[in-house]
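This report walks through one protein chain for a reader who has not met it before. Please keep the sequence and the model in view while reading.

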Amino acid sequence: MRIYTKGGDKGRTGIHGGERVEKDDIRIEANGTLDEVNAQIGIVRALLPPEHEWQDVLGKIQRELMVVMSHVATPSAIRDKNPNSLSDDLVSFCEQQIDALTGQMQDNGFFILPGGTLISAHLQLARTVTRRAERRLWTLYRKDPLPEEIMQFVNRLSDLLFTMARYEMFRQDHAEERWNSFLYKRKR
């Protein structure tokens, strides 16, 4: 089987259901950004030892992202025909991971500069791409609504990636580089 079809040479691509759309259609833009997130997570996994506890967590997220992308690629009118099922625990899985990691660290009342260790820096980059994906998904949502759990999952995923980046710094005993305090979070 050839990898190239020449079908996209004129700026259009196919989506689930057979419809062809422009390559810069918001559905394609949103999915392309989710694909970037998945690739960034793949880089993090490649940097981690095979036996690292996050391999299973990040592998699950990568597989879930593929299912999410299949639903994003499917117009809502035919989404019930998509053979890929969204997991019931997309959001709670991320929240459980966040809570477990956060419980081991001090509360951080500061904005921090991304970086530190190579793994932390890549997790921060994955977080920023996830935030961009979330913005693109909301644009699509206003045009053709997506399942709420997708919207919530992507939001929680960015929080999880941020928490993992912080935890990596904590685990390596590497000080976070603080920028400014969360003035809006202070109690009055």
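V68 counts as buried, because its relative accessibility is 0% and residues under 20% are classed that way. The model in which this value was computed is a predicted one. V68 sits in helix α2. Leaving aside residues up to four places away in sequence, V68 touches L34, L86, L90, I150 and F153. For one of these partners, L90, the C-alpha atom is 10.0 Å from that of V68, and the two residues are 22 apart in sequence.

Two other residues can be set beside V68. The table gives the relative accessible area of each.

| Residue | Place | Relative accessible area |
|---|---|---|
| Q55 | helix α2 (residues 54-72) | 10%, buried |
| V68 | helix α2 | 0%, buried |
| T74 | loop between α2 and α3 (90-102) | 0%, buried |

Q55 is buried because its relative accessible area, 10%, falls under the 20% limit. Which residues does Q55 touch, not counting those up to four places away in sequence? They are R45, L48, P49 and P50. With L48 there is also a polar approach: a polar atom of the Q55 side chain lies 3.3 Å from the backbone oxygen of L48.

T74 lies in the loop between α2 and α3. T74 is buried, with a relative accessible area of 0%. A polar atom of the T74 side chain is 2.7 Å from the backbone oxygen of S70. T74 and D144 are 70 residues apart along the chain, and their C-alpha atoms are separated by 9.9 Å.

The next topic is how helices pack. Two packed helices are described by the angle between their axes and the distance between the axes. Helix α1 (residues 26-47) packs against α2 at an angle of about 165°, and the axes are 10 Å apart. Angles over 145 degrees count as roughly antiparallel, so α1 and α2 are roughly antiparallel to each other. Their crossing is left-handed. In this contact, the residues from α1 include R27, L34, I41 and R45. Those from α2 include Q55, L58, L65, V68 and V72. Both Q55 and V68 therefore belong to the α2 side of this contact, and each of them is buried. By class, the contact of α1 with α2 holds 12 nonpolar, six polar and three charged residues.

A second helix pair is formed by α4 (residues 118-143) and α5 (residues 148-171), whose axes come within 8 Å and cross at roughly 165°. How are α4 and α5 oriented to each other, parallel or antiparallel? They are roughly antiparallel, because the angle is over 145 degrees. The crossing of α4 and α5 is left-handed. The residues of their contact divide into 15 nonpolar, five polar and six charged.

Finally, the chain as a whole. How many helices and strands does the chain have? There are five helices and four strands. Along the sequence they follow the pattern β-β-α-α-α-β-α-α-β. The chain has 188 residues, and buried residues make up 43% of them. Among contacts between residues at least 6 apart in sequence, 74% join residues at least 24 apart.

Key: Residues numbered from 1 in each chain as written. Predicted model: local features only at pLDDT ≥ 70, side-chain atom pairs only at ≥ 80, totals over all residues. Heavy atoms only, no water. Axes fitted to C-alpha atoms, helices over the stretch in contact; angles between N-to-C directions. Helix = DSSP H or I, 4+ residues; strand = E, 2+ residues; numbered from the N terminus. Parallel < 35°, antiparallel > 145°, perpendicular 65-115°, else oblique. Left-handed = near helix turned anticlockwise from the far one by under 90°. Nonpolar A, V, L, I, M, F, W, Y, C, P; charged D, E, K, R; others polar. Buried < 20%, exposed > 50% of the residue type's maximum accessible area, 1.4 Å probe, protein only. Polar contact = N/O pair within 3.5 Å; in protein donor to acceptor, adjacent residues only side chain to side chain. Contact = heavy atoms within 4.5 Å.
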